[in-house]
Amino acid sequence: MEWVTALNRTIGFIERNLKARICAEDCAREAGISEFYLQTGFRIITGFSLGEYIRNRRLYSAALEIADTDRSILDIALDFQYETPESFTKAFRRFHGSTPSQIRAAGAGQFASLVTSFLPVSISIHVTGGSTVDYEVAALTGFTVIGFEREFSFEDSYSAIPKFWDEVCESHLKKIWFGKKPETPQEQAIAENGIGEFGICIDDTGGGKFRYLIAGRYTGGAVPEGMKTFDVPAGDWAKFRAEGPLPDSLQKVNTYVFREWLPGNPDWDAAGQCSVEWYSKGCPSDPGYKSEIWIPVNRRK
């Protein structure tokens with residue numbers, strides 16, 4: 001499905017279901033794309049995570065009902081999927097800076113000053129000019145990776161994944177990267193499989209979460225305790241090349257993919273349930289450091 005159409009279908013689905021119990025999986029199913037790509041693209045294009053956007057729309061819509069009707073605040077809270085008046089009031093005050101009771105007591109003339117407006121977004125992307133981002137679409141032979149895995153929420157993955165890298169580098173990778181002899185099965189696996197070459201995002205968990213693997217190409221043998229393997233599927237993959245210090249260089253390419261390449265590309269759609277970050281050897285802070293983002297694609301019909 002065309003990318004902008006998928007995002008706008010998501011927004012329409014949310015509007016029709018502000019008072020229903022919906023989640024990111026429901027939105028992805030309605031849009032016809034992977035939850036991972038929906039969550040990633042939605043954040044990049046709107047500036048909000050999908051969950052944050054739904055919460056903000058509910059809290060603004062709830063404020064309108066409190067001001068315009070005489071329904072009880074409890075009933076309104078339950079309608080907008082808050083289980084207790086306390087949780088509703090806490091979220092409401094955090095977002096608006098005012099309590100539901102203050103909105104109810106205020107006159108129409110004070111409504112705008114007490115409420116944070118949050119209207120539905122409408123996505124219309126106009127791709128202009130050329131781009132210097134270097135990429136190719138090529139057939140990829142499937143391969144297996146091995147590494148350290150952790151589950152992340154889409155809500156905080158941007159900050160949590162770099163901390164995961166720092167943790168794994170300090171506790172496992174640096175010793176081997178600096179040329180010391182492996183002393184444990186995990187250290188042996190790091191040395192033999194080049195763990196740290198890949199970051200693999202795997203969208204098969206559901207519930208607003210995904211798996212992330214700090215990995216290398218699996219060369220065989222026993223899988224040490226605390227490590228996992230994953231089969232990267234064969235198929236057509238778009239590979240986007242970045243040059244420059246991390247994380248800025250790779251983040252800029254990621255933004256380009258979702259803001260320009262997917263909306264403006266007449267031939268390819270994102271597909272599958274994983275994506276790959278590739279990292280070269282060397283210092284990630286060097287001006288010439290090379291990295292890539294790979295995403296599986298299907299040719300548009």
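A residue is taken as buried when its relative accessible area is under 20%. In the predicted model described here, F143 meets this criterion, and F198 is likewise buried. These two residues form a tilted aromatic pair, with 5.5 Å from centre to centre and 40° between the planes. The pair connects distant parts of the chain, since F143 belongs to strand β2 (residues 143-153) and F198 to strand β3 (residues 198-206), 55 residues apart.

A second aromatic pair is formed by W165 and Y279, and its geometry is edge-to-face: the centres are 5.3 Å apart and the planes are inclined at 75°. This pair also joins distant parts of the chain, with W165 located in helix α9 and Y279 in strand β8 (residues 274-279), at a separation of 114 residues. Both W165 and Y279 are buried. In the whole structure, 23 aromatic pairs are found. One aromatic cluster is formed by W3, F36, Y37, F152, F154, F164, F210, Y212 and F258.

Helix α9, which contains W165, also takes part in helix packing. Helix α9 (residues 157-177) packs with helix α10 (residues 185-193) at an angle of about 55°, and the two axes are 10 Å apart. The two helices are therefore oblique to each other, and their crossing is right-handed. On the α9 side the contact is made by H172, L173, K175 and I176, and on the α10 side by Q186, E187, I190 and A191. Classified by residue type, this contact comprises 4 nonpolar, 2 polar and 2 charged residues.

Another helix pair is formed by α1 and α4. The axes of helix α1 (residues 3-16) and helix α4 (residues 50-68) come within 11 Å and cross at roughly 40°. At this angle α1 and α4 are therefore oblique to each other. The crossing of α1 and α4 is right-handed. Helix α1 contributes T10, I11, I14 and E15 to the contact, while helix α4 contributes L50, Y53, I54 and R57. By class, the contact of α1 with α4 consists of 5 nonpolar, 1 polar and 2 charged residues.

Helix α2 is likewise associated with these elements. Its buried residues are A24, D26, C27, A28 and A31. These buried residues pack against α1, α3 (35-46) and α4. Just after α2, the backbone at G32 adopts a positive phi of about 80°.

The loop between α1 and α2 (24-31) contains K19. This residue has a relative accessible area of 40%, and K19 is therefore partly exposed, a category that lies between the buried limit of 20% and the exposed limit of 50%. Apart from its neighbours within four places in sequence, K19 is in contact with E65, R71, D79, F80 and Q81. The C-alpha atoms of K19 and R58 are separated by 7.8 Å, although the two residues are 39 residues apart along the chain.

Terms used
Residues are numbered from 1 along each chain as its sequence is written. This is a predicted model: local features need pLDDT of at least 70, side-chain atom pairs count only at pLDDT 80 or more; totals for chains, interfaces and linings use all residues. Side-chain values use heavy atoms; hydrogens and water are left out. Axes are lines fitted to C-alpha atoms, for helices over the stretch in contact, and angles run from 0 to 180 degrees between N-to-C directions. Helices (H or I, at least four residues) and strands (E, at least two) are DSSP runs, numbered from the N terminus. Angles under 35 degrees count as roughly parallel, over 145 as roughly antiparallel, 65 to 115 as roughly perpendicular and the rest as oblique. A crossing is left-handed if the near helix is turned anticlockwise from the far one by less than a right angle, and right-handed if clockwise. Contact means heavy atoms within 4.5 Å. Ala, Val, Leu, Ile, Met, Phe, Trp, Tyr, Cys and Pro count as nonpolar, Asp, Glu, Lys and Arg as charged, and the others, Gly among them, as polar. Rings of Phe, Tyr and Trp (its six-membered ring) pair if their centres lie within 6.5 Å; planes under 30 degrees apart count as stacked, over 60 as edge-to-face and the rest as tilted. Buried means under 20% relative accessible area, exposed over 50%, partly exposed in between (1.4 Å probe, protein chains only).
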